[in-house]
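Reader: Hello! Could you take me through one part of this protein closely, and then show me how the rest of the picture connects to that part?

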Amino acid sequence: MPRAIALVDCNNFYVSCERLFQPRLEGRPVVVLSNNDGCVVSRSPEAKALGVKMAAPWHLMREMAKRHGIIACSSNYALYADISNRVMRLLARFSPHQEVYSIDESFLELSGLPGDHIEYACHIRQTVQRDIGIPVCVGIGPNKTLAKLANHVAKQEISRGGTCDFNRLSASELDDLFATLEASEVWGVGRRTADTLKELGIHSVLDLKHASLHMLRTRCGVTLARTVHELLGRTSLELEDVTRSRQQIICSRSFGRLTASLTELEQAAIAYTTRAVEKLRQQGALADTLHLYLRTDPHRGEAQHEQASMVPLSSASDDTRRFCKAALYALRRIYRHGFSYQKVGVALGGIRPLQAHTVSLFTDDETERRSRMLMKTMDTINQRMGSGTLKLLGEGLEQAWAMRSDNRSPRYTTEWSELQTCRS
């Protein structure tokens, strides 16, 4: 029996999350917008049918939206992350080996599980729909690349009922199917790589499968050659039981409006640094370097300023206060009076596992212990009561610079003040 790996992918995930609590959106063209309501990042099937493209700028779509009744929702990342966690915990019940690949995708090892895999895939779909309300499709193949491609077929061919198992197809049936799929649908083949493949006369997945590995390594790199190995049915990418620790943590967003105020920039720097260090603690890691950059709007026809600064810490830490102090120091070094800024970004570097931390001769054990207790208390309160319940005063109470989200739905599952209400 061939190995069986399933990719479970939530359909139009952000839109599906919005529809969970807003039944009025069912059957209507809906899009979810990126930060500051900039571009389309998720589309309902109805919006796709109208020709709405991914990454389409919203400000250029307003007439079209008015004409066709397209409903735009601002990104609600707190809601999406919580629904994603619920979906992934549910999917973990269906396999002893799971790899959470992204906010809306998860690989499951099905090899050795009894019964018919298509029936099992249908059971997964029905359970997620019933217990959480999110529609999913399931693709099955002998490796991750083919499982992901099978998932694409499951989504595109309605007659398959949201599932597709490449292991059920003969070699000739699989080749016939591959001949109908563009090479750009293969996992890891981006736009530039697809353009290069077209120059080489490679248009379909079948063309890619039978292409020269030596030529692909030379023109496109070893990663694509590994992908072709998987198209041939071999395994190059194993499931990862544990998500790899990030080597860099970045928090950066454009402001809702331009600002020249150093006070507002300091608030943003503290807010973004706080989020980044929270992620660091969630990862169970420490960092020893903070990078901060500041920039104006490059699209405005006026003098520009963009600069970055790096601040090394005396020792690796996960204390928000230490990193915020470094962020303010970096910001004040590079800030220039008279410029209106569009963006501040913060990145943590020198990340290492907490267990690998070595104590120096100058470490004050009592200070470190109290720091850990304080950070743990902050995280516990914010996890229970909602992000930002307890924060540093430097973030400010009124954040006029904050990201625009004019059409954000309530955070139904993570904020007490925004719980869904019922009227009898």
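Author: Happily, and let's begin with I381, which sits in helix α14. The model is a predicted one, so please read every value below as computed from that prediction. How buried or exposed is I381? I381 has a relative accessible area of 31%, so this residue counts as partly exposed. I381 also belongs to a nonpolar surface patch, where M385, L390, W416 and L419 are its partners. Together these five residues make a patch of about 480 Å².

Helix α14 leads us on to the largest pocket, since α14 (365-385) is among the elements that give two or more residues to the lining. The others are α4 (77-91), β5 (98-102), β9 (249-259) and α12 (262-282). Which of these elements gives the largest share of the lining? That is α4, with eight residues. The pocket holds about 2,200 Å³ of space, and its lining counts 49 residues. Nearest the centre lie Y77, A78, R253, R275 and S387. Sorted by class, the lining of this largest pocket has 17 nonpolar, 18 polar and 14 charged residues.

One of those central residues, R275, deserves a longer look. Side chains of opposite charge can pair when their charged atoms come close. R275 and E395 meet in such a salt bridge, at 3.4 Å from N to O. R275 is in helix α12 and E395 is in the segment after α14, so their pairing ties together parts 120 residues apart in sequence. The two partners are covered to unlike degrees: E395 is buried, because its relative accessible area is 3%, whereas R275 is partly exposed, because its relative accessibility is 23%. Salt bridges with shared partners also bring in E278, so that R275, E278 and E395 form one network.

Helix α12 has another contact of this kind. E266 forms a salt bridge with R332, and the closest N and O atoms are 2.9 Å apart. E266 is in helix α12 and R332 in helix α13 (residues 320-334), so this pair ties together parts that are 66 residues apart in sequence. E266 has a relative accessible area of 16%, so this residue counts as buried. In the same helix, α12, you will also find T263. T263 is partly exposed, because its relative accessible area is 48%. If you would like a long line to draw on your screen, try T263 to I103: their C-alpha atoms are separated by 34 Å, and the two residues are 160 apart along the chain.

Now for another part of the chain, and the second largest pocket. How much space lies in this pocket? The answer is about 1,300 Å³. Of the 39 residues that line the second largest pocket, D9, N12, K48, K155 and Q156 are the closest to its centre. The elements that give two or more residues to this lining are β1 (5-10), α1 (13-21), β3 (40-43), α2 (45-49), α5 (117-131) and α6 (144-156). Helix α6 gives the most, with seven residues. By class, the lining of this second largest pocket has 16 nonpolar, twelve polar and eleven charged residues.

Helix α6 also takes part in a salt bridge, through K148 and E105, whose closest N and O atoms are 2.3 Å apart. K148 lies in helix α6 and E105 in strand β6 (residues 105-109), so the pair ties together parts that are 43 residues apart in sequence. Both K148 and E105 are buried. Across the whole structure, the search finds 23 salt bridges.

Back at the second largest pocket, one of the residues closest to the centre has a backbone worth checking. Most residues other than glycine have a negative phi. N12, which is not a glycine, has a positive phi of about 45°. N12 lies in the loop between β1 and α1. A55 has a positive phi too, of about 70°, and is likewise not a glycine. Where is A55? A55 lies in the loop between α2 and α3 (62-68). With 49% relative accessibility, A55 counts as partly exposed, because exposed means over 50%.

How values were computed:
Residues are numbered from 1 along each chain as its sequence is written. This is a predicted model: local features need pLDDT of at least 70, side-chain atom pairs count only at pLDDT 80 or more; totals for chains, interfaces and linings use all residues. Side-chain values use heavy atoms; hydrogens and water are left out. On a 1 Å grid over the protein atoms alone, a cavity is a set of points where a 1.4 Å probe fits but cannot get out, and a pocket is an open set with protein on both sides within 12 Å along at least five of seven lines; lining residues have an atom within 4 Å of a point. Grid points are joined across faces, edges and corners, and a volume is the space filled by probe spheres set on the points. Helices (H or I, at least four residues) and strands (E, at least two) are DSSP runs, numbered from the N terminus. Ala, Val, Leu, Ile, Met, Phe, Trp, Tyr, Cys and Pro count as nonpolar, Asp, Glu, Lys and Arg as charged, and the others, Gly among them, as polar. Patches are made of residues with over 30% relative accessible area and no salt bridge: like charges are joined within 9 Å, nonpolar side chains (Val, Leu, Ile, Met, Phe, Trp, Tyr) within 5 Å. Accessible areas come from the Shrake-Rupley method with a 1.4 Å probe; for residues, only the protein chains shown count as cover. A salt bridge is a side-chain nitrogen of Lys or Arg within 4 Å of a carboxyl oxygen of Asp or Glu. Buried means under 20% relative accessible area, exposed over 50%, partly exposed in between (1.4 Å probe, protein chains only).
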